[in-house]
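User: I should like to understand how the terms used for a protein model are justified. Please show me the structure, and I shall ask about individual residues.

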Amino acid sequence: MAKIVLGIGSSHSPQVSSTADIWSLHAERDRLNPDTHYEERERELGHTLQEQLSPEVWQKKYEACQAAVERLNREIQEADPDILVVVGDDQEELFLDEAKPTFGVFWGSELKDFPLRLEDLHPSMRPVIWAWHTTENIDYYPAHSELGKHIIEKMMIEGFDVSQSTTQIEGRSLGHAYTFVQRRLATHKTIPMVPVFVNCFYKPNQPTPARCYEFGQALRRAIESWGEDQRVAVIASGGLSHFKLDEHLDQVVIQGLKSKEPDILKTLPREKLEGASGEILNWIVSAGAIEHLELQYLEYVSGYRSPAGTGVGMTFAVWR
């Protein structure tokens, strides 16, 4: 029978892979984002965050993120999984307005990452796009269609009406939640992947935290009921809070992960999980799937990058 041998959680924000001198450019992008309420928050918070915004602090936090990414790489290499089940979110990369599934699973045989043009990107993204996407030829990643199909079939029996996909619409790239895993976390060899999609961003069909945890528990049962002798890693891609960094929210999530108390995660205020902070739902799904494993490593980096308190609660974790 298949066995989940490893759990990984990782922020995939461009800030994770950006050298410290780029963080101020990300802050300029935040100023243009109406969801950050930048000017209002700058007036409210600016006087409290100055010590967080020095080049020296940013450099230390950048180095902490790179050490954490290296740790996750080592853990994946040592666990040597046969398949990666990646729980992530699509940000209008594969799915546009014609369909945005609450939960979905890809069970085709191959995934494509289409190249991006640097001139189409914000200046803050150009130096770091390598961590997400190709800029030259199409990259191809193997998907594990047999496990993907099995998960779909079992989830339907479990009462989760998941969407399914076997192909990509022409020109639509695999989302960065999944390419980041291939390009930064599992770099020692190519490992087939099953992408699991969670609608973290788009109203009105976002799942609740409780539903996500229960989905994760069902996902574990589906994986472990597969009759093949395969080692599986479950990876939560994204989060924690951003672009408005909320350390209190992040610490509640971390408490729930450390204490293995599902009710902490299941009762998180839904209004706090809007926009990019909705990627916390990917961690909640994964926590449900790997509740039998023990949390062995967790690194939290409060990536403040502007006097308006914008940034990312960059978080990295390992369960074995």
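User: Why does C65 count as buried?

Analyst: This is a predicted model, in which local features need pLDDT of at least 70 and side-chain atom pairs count only at pLDDT 80 or more, while totals for chains, interfaces and linings use all residues. Residues are numbered from 1 along each chain as its sequence is written, and side-chain values use heavy atoms, with hydrogens and water left out. A residue is called buried under 20% relative accessible area, exposed over 50%, and partly exposed in between, with a 1.4 Å probe and protein chains only. C65 has a relative accessibility of 1% and therefore counts as buried.

User: Why is C65 not in a disulfide with C200?

Analyst: A disulfide is a pair of cysteine sulfur atoms within 2.5 Å. The cysteine sulfur closest to that of C65 belongs to C200, but it is 20 Å away, which is too far for a bond.

User: What rules out a bond between C200 and C212?

Analyst: The sulfur of C212 is the closest cysteine sulfur to that of C200, yet the distance is 6.9 Å, so it is too far for a bond. The structure holds zero disulfides.

User: Why is strand β8 described as largely enclosed?

Analyst: Helices (H or I, at least four residues) and strands (E, at least two) are DSSP runs, numbered from the N terminus. Strand β8 covers residues 231-237, and six of its seven residues are buried, so the rest of the structure largely encloses it.

User: How do you know that strand β1 pairs with β8?

Analyst: Two strands pair if DSSP finds at least two bridges between them. Strand β1 (residues 3-10) has seven bridges to β8, in the parallel sense; among the bridge partners are L6 and A233 of β8. Strand β2 (residues 83-88) also runs parallel to β8 and is joined to it by five bridges, with V86 facing I235 of β8 as its bridge partner.

User: What makes the link between N282 and S237 a polar contact?

Analyst: A polar contact is a pair of N or O atoms within 3.5 Å; within protein, one must be able to donate a hydrogen and the other to accept it, and residues adjacent in sequence count only if both atoms are side-chain atoms. Here a polar atom of the N282 side chain lies 3.0 Å from the backbone oxygen of S237. N282 belongs to helix α10 (residues 280-289) and is buried, with a relative accessible area of 0%.

User: How do you know that the buried residues of helix α2 are on the same side?

Analyst: In α2 (residues 23-31), the buried residues are W23, H26, A27, R29 and D30. They cover an arc of only 155 degrees around the axis, so they lie on the same side of α2. The arc is that of the directions from the helix axis to the C-beta atoms.

User: Why is E92 called partly exposed?

Analyst: The relative accessibility of E92 is 38%, and therefore E92 counts as partly exposed. E92 is in the loop between β2 and β3 (103-106), and its phi is positive, near 55 degrees, although the residue is not glycine. Most residues other than glycine have a negative phi, and most peptide bonds are trans.

User: Which peptide bonds are cis, beginning with the one at G239?

Analyst: G239 and L240 are joined by a cis peptide bond with omega about -10 degrees. Another cis peptide bond joins H242 and F243, where omega is about 0 degrees.
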